[in-house]
Amino acid sequence: MINAKAIHKRFGTVKALKGIDLDIKEGELYGLLGPNGAGKTTTINILSTLLKPDNGSVFINGLDILKNPVSSKKNIGIVPQEVALYEDLSALDNLLFWGGLYGNPASQIRSRANEMLRLFGLSDRRNDTIKKYSGGMKRRINIASALLHNPKVLFMDEPTVGIDPQSRNKIYEVIGQLHSNGLTIIYTTHYMEEVEKLCERVGIIDYGEIIAEGTVEELRNRSNTTSIINVALENPGNANLKDLQKSFETVEVDQNNQLVFRCKDSDKKLSGIVKYMDQHNLMISSIDVKKASLENIFLELTGRKLRD
Ligand SMILES: Nc1ncnc2c1ncn2[C@@H]1O[C@H](COP(=O)(O)OP(=O)(O)OP(=O)(O)O)[C@@H](O)[C@H]1O
Ligand SMILES: [Mg+2]
């Protein structure tokens, strides 16, 4: 559905994109995960015809969007990072305005706008002006306005940043519904939990390059850390970190005085840990085994944290 090759974009001396390749299938929910300034918005803007790349090619639904930007727009819905709505118009009028830009008949736009208001749980507030809306409600209308013309592909640029949990959950729920209806969705975020929860496949972007791609499980298996074992001791003062590090390479003490072991094979490691504690008279008060998050994978790939 989306095929992009070797996209480059430079802003003055800043190389924002250094050769992005993407191949996204119809109906896929693809997450583009990266820290501030990684190039997420630049990528989304190029894929949705808002910005021209310096070079490279983009095909959406078989159409070369650089050669056919106008007809490509029909296939594309975009939810920009910044909310774009008229504050003095009602939610319904905003939707009618945005829906009107695609040249569909007025009655069709109205029924689709009402359908979207229902989908996003805002039917009863449809006649309120946008300025009376909370940030999260504005965000829901912003997404609704991208869907009015029934696009084949929806680009969402960090749609849940800075909003209340109720709106966030509604947005996740709607994304789930749209996905099960077969819409192709590209979702950018710097929240790895969102990608882990929502996306089928993820591309990790950093300094204008996709540095890893796959399902969350594939990325986890590719990394040296697939699990994290947290051990709390009754007598943590008796533990000798240097000695522990001789037996277990990747062990640290966290701010709660717990031991944190990063490992690839948690079962094997677990029995080794219990044995070690037993031999050194260290009393375990709790052990907790977690799957490694994408944060660890990012850290391993770049040596930096995803969030600053
Ligand atoms: N219009 C512009 N003019 C100059 N530099 C720009 C412009 N737009 C983006 N950049 C630069 O390009 C790089 C990528 O920016 P982009 O907005 O794509 O990142 P992002 O991943 O969306 O970040 P964020 O998480 O902060 O939204 C950054 O270094 C940014 O400063
Ligand atoms: Mg951005």
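Start by selecting Ser285: leaving aside residues up to four places away in sequence, it touches Ala232, Leu233 and Glu234. Keep in mind as you click around that this is a predicted model. Ser285 sits in strand 14, which runs over residues 284–291. Is Ser285 buried, partly exposed or exposed? With a relative accessibility of 42%, Ser285 counts as partly exposed, because that class lies between the under 20% of buried residues and the over 50% of exposed ones.

Now for a jump. Add Ala38 to your selection and draw a line between the two C-alpha atoms: Ser285 and Ala38 are 42 Å apart in space. Along the sequence, 247 residues separate Ser285 and Ala38.

**Next stop: ligand 1**

Select ligand 1 and show what lies around it. How many residues surround ligand 1? There are 13, and the closest are Gly37, Lys40, Thr41, Thr42 and Gln81. Color them by type and you get 5 nonpolar, 6 polar and 2 charged residues in the shell.

Where do these residues come from? Helix 1 supplies the largest share of the shell, 3 residues.

Zoom in on the oxygen atoms of ligand 1. An oxygen of the ligand lies 3.1 Å from a polar side-chain atom of Asn36. At Gly37, look at the backbone instead: one of its polar atoms is 2.8 Å from an oxygen of ligand 1. Thr41 takes part through its side chain, with an N or O atom 2.8 Å from a ligand oxygen. Switch on a surface if you like: ligand 1 taken alone exposes 630 Å², and the protein buries 61% of that. Two elements give two or more residues each to the shell, namely strand 2 (14–24) and helix 1.

**On to the salt bridges**

How many salt bridges does a search of the whole structure find? The count is 14, and here are a few to visit.

Select Lys9 and Asp54. Their side chains meet in a salt bridge, at 3.8 Å from N to O. The two partners come from distant parts of the chain, 45 residues apart: Lys9 belongs to strand 1 (residues 2–11), while Asp54 is in the loop between helix 1 (40–47) and strand 4 (55–60). Their surroundings are worth a look too. Lys9 is buried, at a relative accessible area of 12%, whereas Asp54 is partly exposed, at 43%.

Move to Arg125 and Asp128. This pair also forms a salt bridge, and the closest N and O atoms are 2.5 Å apart. Arg125 is partly exposed, with a relative accessible area of 26%, and Asp128 counts as partly exposed at 22%.

**Last stop: a network**

Finish with Glu196 and Arg220, a salt bridge whose closest N and O atoms are 4.0 Å apart. Which elements does this pair link? Glu196 is in helix 7 (residues 192–198) and Arg220 is in helix 8 (residues 216–222), with their positions 24 residues apart in the chain. Glu196 counts as partly exposed at 28% relative accessibility, but Arg220 counts as buried at 9%.

Before you leave, add Glu217 and Lys291 to the selection. Together with Glu196 and Arg220, they are linked in a network of salt bridges.

Note on methods. Residues numbered from 1 in each chain as written. Chains lettered and ligands numbered in written order. Predicted model: local features only at pLDDT ≥ 70, side-chain atom pairs only at ≥ 80, totals over all residues. Heavy atoms only, no water. Helix = DSSP H or I, 4+ residues; strand = E, 2+ residues; numbered from the N terminus. Buried < 20%, exposed > 50% of the residue type's maximum accessible area, 1.4 Å probe, protein only. Contact = heavy atoms within 4.5 Å. Near = heavy atom within 4 Å. Polar contact = N/O pair within 3.5 Å; in protein donor to acceptor, adjacent residues only side chain to side chain. Areas by Shrake-Rupley, 256 points an atom, 1.4 Å probe, with all protein chains shown as cover. Nonpolar A, V, L, I, M, F, W, Y, C, P; charged D, E, K, R; others polar.
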